[in-house]
Amino acid sequence: MAKDEPHTDIADLVRQTQALFNLSGAAAPRLTQVMKVQEGMLEQAETFTRHWIERRQEAIETALEALNSMNSKGKPDPVAAMQAITEWQRGSFERLTADYQEWMTLCMQATQLAATPQSETGQDDPASSRTDQDKATAKSKGRAASSRSKPDHATPV
């Protein structure tokens with residue numbers, strides 16, 4: 001009694017696998033653009049991170065200055081301590097506000113980077129006119145029959 005096993009042609013499997021990894025001419029510019037977008041996002045993230053660390057360093061320095069000013073007279077001075085703490089908190093609030101503003105800017109720039117390349121590369125957008133699609137269809141009707149028999153998508157493995 002023979003089990004029903006699917007017959008797999010190794011050559012066919014190799015062709016299907018290669019088709020998944022072959023880049024068409026249209027895919028290369030898209031991948032290049034994705035790389036450019038990622039590089040831009042990385043640069044912006046590096047800038048944000050550098051500024052964030054600089055603000056944290058400033059917070060530590062001003063905290064040390066506040067502690068030193070509270071202990072500079074040698075005896076406890078609650079008024080001076082409250083003033084030093086209030087000043088440090090004001091600066092901390094400004095740093096947190098700057099963090100938030102830069103974070104929002106980073107997010108907006110990343111969104112713009114991701115959206116801009118599609119319009120610059122001339123890729124079709126979903127709102128393209130039907131007449132453009134009709135023209136493309138009319139051009140494709142004139143091609144050889146063999147090209148029409150090929151599938152337009154990759155075969156799942």
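**Exercise 1. Classify D99 and find its salt-bridge partner.**

Step 1. D99 is buried, with a relative accessible area of 9%; buried means under 20% relative accessible area, exposed over 50%, and partly exposed in between (1.4 Å probe, protein chains only). The model is predicted: local features need pLDDT of at least 70, side-chain atom pairs count only at pLDDT 80 or more, and totals for chains, interfaces and linings use all residues. Residues are numbered from 1 along each chain as its sequence is written, and side-chain values use heavy atoms, leaving out hydrogens and water.

Step 2. D99 forms a salt bridge with R55, with 2.4 Å between the closest N and O atoms. A salt bridge is a side-chain nitrogen of Lys or Arg within 4 Å of a carboxyl oxygen of Asp or Glu.

Step 3. This pair links distant parts of the chain, since D99 is in helix α3 and R55 in helix α2, 44 residues apart. Helices (H or I, at least four residues) and strands (E, at least two) are DSSP runs, numbered from the N terminus.

**Exercise 2. Describe the surroundings of R55.**

Step 1. R55 is buried, at a relative accessible area of 9%.

Step 2. Leaving aside residues up to four places away in sequence, R55 touches F48, R95, A98, D99 and E102. Contact means heavy atoms within 4.5 Å.

Step 3. The side chains of R55 and E102 are joined by a polar contact of 3.0 Å. A polar contact is a pair of N or O atoms within 3.5 Å; within protein, one must be able to donate a hydrogen and the other to accept it, and residues adjacent in sequence count only if both atoms are side-chain atoms.

Step 4. A network of salt bridges links R55, R56, D99 and E102.

**Exercise 3. Compare the salt bridges E58–R95 and E87–R90.**

Step 1. In the pair E58 and R95, the closest N and O atoms are 3.6 Å apart. E58 lies in helix α2 and R95 in helix α3, so the pair ties together parts 37 residues apart in sequence.

Step 2. E58 is partly exposed at 38% relative accessibility, while R95 is buried at 5%.

Step 3. For E87 and R90 the closest N and O atoms are 2.3 Å apart. Both residues lie in helix α3, three residues apart, about one turn of the helix.

Step 4. E87 is partly exposed at 44%, and R90 is partly exposed at 40%.

**Exercise 4. Summarise the helices of the chain.**

Step 1. The protein chain has five helices and zero strands.

Step 2. Along the sequence the pattern reads α-α-α-α-α.
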